[in-house]
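Here is a quick tour of how the helices and strands of this model fit together. Have the viewer open while you read.

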Amino acid sequence: MAKVTPETWMARALVLARRGLYTTDPNPRVGCVLVKNHRKIGEGWHRRAGEAHAEVNALREAGEAARGATAYVTLEPCSHQGRTGPCAVALIEAGIKKVVVAMRDPNPLVAGQGIAMLREAGIDVDVGLLEDQARALNPGFIARMSRERPFVRLKMAMSLDARTAMASGESQWITGPSARTEVQRLRARSSAVMTGVESIIFDNSRLTVRAEQLGLDEADSISARQPLRVVVDTRLRMPLAAACLNEPGRTLIATCAAESPRRHKLEEAGAEILVLACDINGRVDLSALLSYLAREESCNEVLLETGATLAGSMLDAELIDEMHLFVAPTLLGGEARPLFALPGLERMAQQRPLQIDDIRAVGRDWRIIARPQRVA
């Protein structure tokens, strides 16, 4: 029989945490496993905001057997009173003798205090086991707490010659059903889906999660939470009949046009208007928009689904953390629209390098996951 190691138990806790991938927002995804005499006696994960945390669910399953056990937790137990009580206190009161933590909580309300509370109670605490895997589960929560902005994930579909739409703007559909299902999963895990007004004008995008396309056990819970829809619209050109205004959930239009006569009409149509300062180019200040989404909307992960202009502006401003580029085995020709609008690139020294993390087939298409590298 293979030896069961601490890594095995933490890996199980990470699997449990992933069950909350689509449902815990704006909270982090967390899993917990309780072990005693080399046997699992309880496990749990955080299902959704406002409900019990992972440690509490694991303690409930273990009952009195939790006394003297070791807890494997993917994120530092909280030490403050929120909508639920402090998990560090629950572990102490249950008589846990050791806690193994994958990563410290970046939330300033915790930030080591949970670990300190456990140690002060005489509990042995180890930190850092499978930390990289734990961090990968919660990139948005970490970004919001440490950088005060969301983690931005860009999704784009392109042809093999790196074109995203015909010159007319027609773009549906470049990729096949499997790639579109992956996009639904990206939307489902996101706090907000962001696009530019051009995408609404040309595609009439709904920007919603269609749970029926996912084929997941938690489709009912996913369909109950639609991500915030964010449209960057400097001059308020948003069509009053845009499909996204009639979908469940909220549509937020970020604009610089404070006095536009269309504002009242768009609000009557169901939009919320956010007026922001313009940047030096006279467009919505994208950095200010992301700060607002983190601060006022508690957005962890933002999925950017847009065209070349906004994608290029976000890349120029170094506001994209990760790219999911879906490549279809087709050609659209030299007159079709490009992937990024990046004016001013004239020399090889100005190229924008990417770190490719993954390439794999998705149905008949290919998906590239890459990270922009900081420009020197």
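Let's start with helix H12 (residues 308–316), which lies across E6, E8, E9, E12, strand E13 (322–327) and E16 and runs at about 140 degrees to E6. Helices (H or I, at least four residues) and strands (E, at least two) are DSSP runs, numbered from the N terminus. Angles run from 0 to 180 degrees between N-to-C directions, and axes are lines fitted to C-alpha atoms, for helices over the stretch in contact.

Some ground rules: this is a predicted model, where local features need pLDDT of at least 70 and side-chain atom pairs count only at pLDDT 80 or more, while totals for chains, interfaces and linings use all residues. Residues are numbered from 1 along each chain as its sequence is written, and side-chain values use heavy atoms, with hydrogens and water left out.

**The nine-stranded sheet**

The strands under H12 belong to an open sheet of nine with mixed pairing, in the order E11-E10-E9-E8-E12-E6-E13-E16-E15. Two strands pair if DSSP finds at least two bridges between them. At the edges sit strand E11 (271–275) and strand E15 (354–362), each pairing on one side only. From one strand to the next, the twist averages 20 degrees. E15 runs antiparallel to strand E16 (residues 365–372), and eight bridges join the two; for Ile-359, the bridge partner in E16 is Ile-368.

Helix H11 (residues 286–297) packs on this sheet too, touching E11 and five other strands, among them strand E9 (228–232) and strand E12 (301–305), and its direction makes about 160 degrees with that of E9. Touching here is contact, meaning heavy atoms within 4.5 Å.

E12 also takes part in a salt bridge: Glu-301 pairs with Arg-189, with the closest N and O atoms 2.8 Å apart. That pair ties together distant parts of the chain, since Arg-189 is in the loop between helix H7 (177–188) and E8, 112 residues from Glu-301 in E12. A salt bridge is a side-chain nitrogen of Lys or Arg within 4 Å of a carboxyl oxygen of Asp or Glu. The whole structure has 26 of them.

**The five-stranded sheet**

There is also an open sheet of five strands, ordered E2-E1-E3-E4-E5, again with mixed pairing. Strand E2 (39–45) and strand E5 (124–127) are its edges, pairing on one side only, and its twist averages 15 degrees from one strand to the next. Strand E4 (residues 98–101) runs parallel to E5 through four bridges, with Val-100 opposite Asp-126 in E5. Helix H4 (residues 113–120) packs on this sheet, where it touches E4 and E5 at about 150 degrees to the direction of E5.

**Helix pairs**

How do you describe two packed helices? The angle between their axes and the distance between the axes do the job.

| Pair | Angle | Axis distance |
|---|---|---|
| H2 (54–62) and H3 (87–94) | about 25 degrees | 9 Å |
| H3 and H4 | about 20 degrees | 9 Å |

Angles under 35 degrees count as roughly parallel, so H2 is roughly parallel to H3, and H3 and H4 are therefore roughly parallel to each other. The H2 and H3 crossing is left-handed, whereas that of H3 and H4 is right-handed. Left-handed means the near helix is turned anticlockwise from the far one by less than a right angle, and right-handed means clockwise.

Terms used: Angles under 35 degrees count as roughly parallel, over 145 as roughly antiparallel, 65 to 115 as roughly perpendicular and the rest as oblique.
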